[in-house]
Amino acid sequence: MLADHGAVLRYHGDFDGEGIRTAAYVLDKTPARPWRMTAADYRAADARNPRGPQPGRITEAPWDLELTGVMAEHGTAVVEELVAEALLQDLADMAEQRGPSGPTFTLS
């Protein structure tokens with residue numbers, strides 16, 4: 001409904017097996033687009049937090065074919081809470097750019 005009324009939808013989830021599968025499902029079923037869900041985003045987050053749990057069973061990320069290979073190579077899951085500061089800064093930047101013209105909704 002939000003997209004039908006002009007909202008821009010973006011999705012971010014955990015960089016682990018379940019997070020990638022959930023993201024793939026949401027991105028397939030909605031007009032949402034990935035938000036900081038690339039191999040480069042994973043590398044940056046993993047560099048700041050390299051001691052996370054194992055990522056579990058990883059399946060392909062259709063929006064970035066390099067992502068899951070990088071996750072398997074590093075062997076570390078990165079949960080959303082560890083990148084919250086970057087996500088919040090993105091929201092603040094978007095709000096500043098858009099001003100009062102209309103909302104942007106973010107799924108997470």
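Just after helix α3, G75 takes a positive phi of about 70 degrees. The model is a predicted one. The helix that G75 follows is a good place to start reading it.

**Helix α3 and its two sides**

Helix α3 covers residues 67–74. Its buried residues are L67, T68, V70 and M71. Seen down the axis of α3, these residues fall within an arc of 160 degrees, so they line one face of the helix. The face turned away from that buried side carries A72 and E73, which are exposed. What covers the buried residues of α3? The cover includes α1 (17–29) and α2 (39–48).

**Helix α2 and its two sides**

Helix α2 can be read in the same way. It has A39, Y42, A45 and D46 as its buried residues. They cover an arc of only 130 degrees around the axis, which puts them on the same side of α2. These buried residues pack against α3. The face of α2 turned away from its buried side carries the exposed residues A47 and R48.

The table sets out the two helices.

| Helix | Buried residues | Arc of buried residues | Exposed residues on the face turned away |
|---|---|---|---|
| α2 | A39, Y42, A45, D46 | 130 degrees | A47, R48 |
| α3 | L67, T68, V70, M71 | 160 degrees | A72, E73 |

**How α2 and α3 meet**

Two packed helices are described by the angle between their axes and the distance between the axes. For α2 and α3, the angle is about 25 degrees and the axes lie 8 Å apart. Angles under 35 degrees count as roughly parallel, and α2 and α3 are therefore roughly parallel to each other. The crossing of α2 past α3 is right-handed. Which residues meet here? From α2 come A39, Y42, R43 and D46; from α3 come L67, V70, M71 and H74.

**The nonpolar core**

The largest nonpolar core has 21 residues. Those that touch the most other members are Y11, F15, I20, Y42, L67, M71 and V78. Strand β1 (9–11) and helices α1, α2 and α3 are the elements that give two or more residues to this core. Helix α1 gives the most, with four residues.

L67 shows how α3 reaches other parts of the chain. Leaving aside neighbours within four places in sequence, L67 is in contact with F15, I20, M37, T38, A39, Y42 and A61. Among these partners, A39 and Y42 are buried residues of α2. L67 itself is one of the buried residues of α3.

Methods
Residues are numbered from 1 along each chain as its sequence is written. This is a predicted model: local features need pLDDT of at least 70, side-chain atom pairs count only at pLDDT 80 or more; totals for chains, interfaces and linings use all residues. Side-chain values use heavy atoms; hydrogens and water are left out. Buried means under 20% relative accessible area, exposed over 50%, partly exposed in between (1.4 Å probe, protein chains only). The arc is that of the directions from the helix axis to the C-beta atoms. Contact means heavy atoms within 4.5 Å. A nonpolar core is a set of buried Ala, Val, Leu, Ile, Met, Phe, Trp, Tyr and Cys residues joined through side-chain atoms within 4.5 Å. Axes are lines fitted to C-alpha atoms, for helices over the stretch in contact, and angles run from 0 to 180 degrees between N-to-C directions. Angles under 35 degrees count as roughly parallel, over 145 as roughly antiparallel, 65 to 115 as roughly perpendicular and the rest as oblique. A crossing is left-handed if the near helix is turned anticlockwise from the far one by less than a right angle, and right-handed if clockwise.
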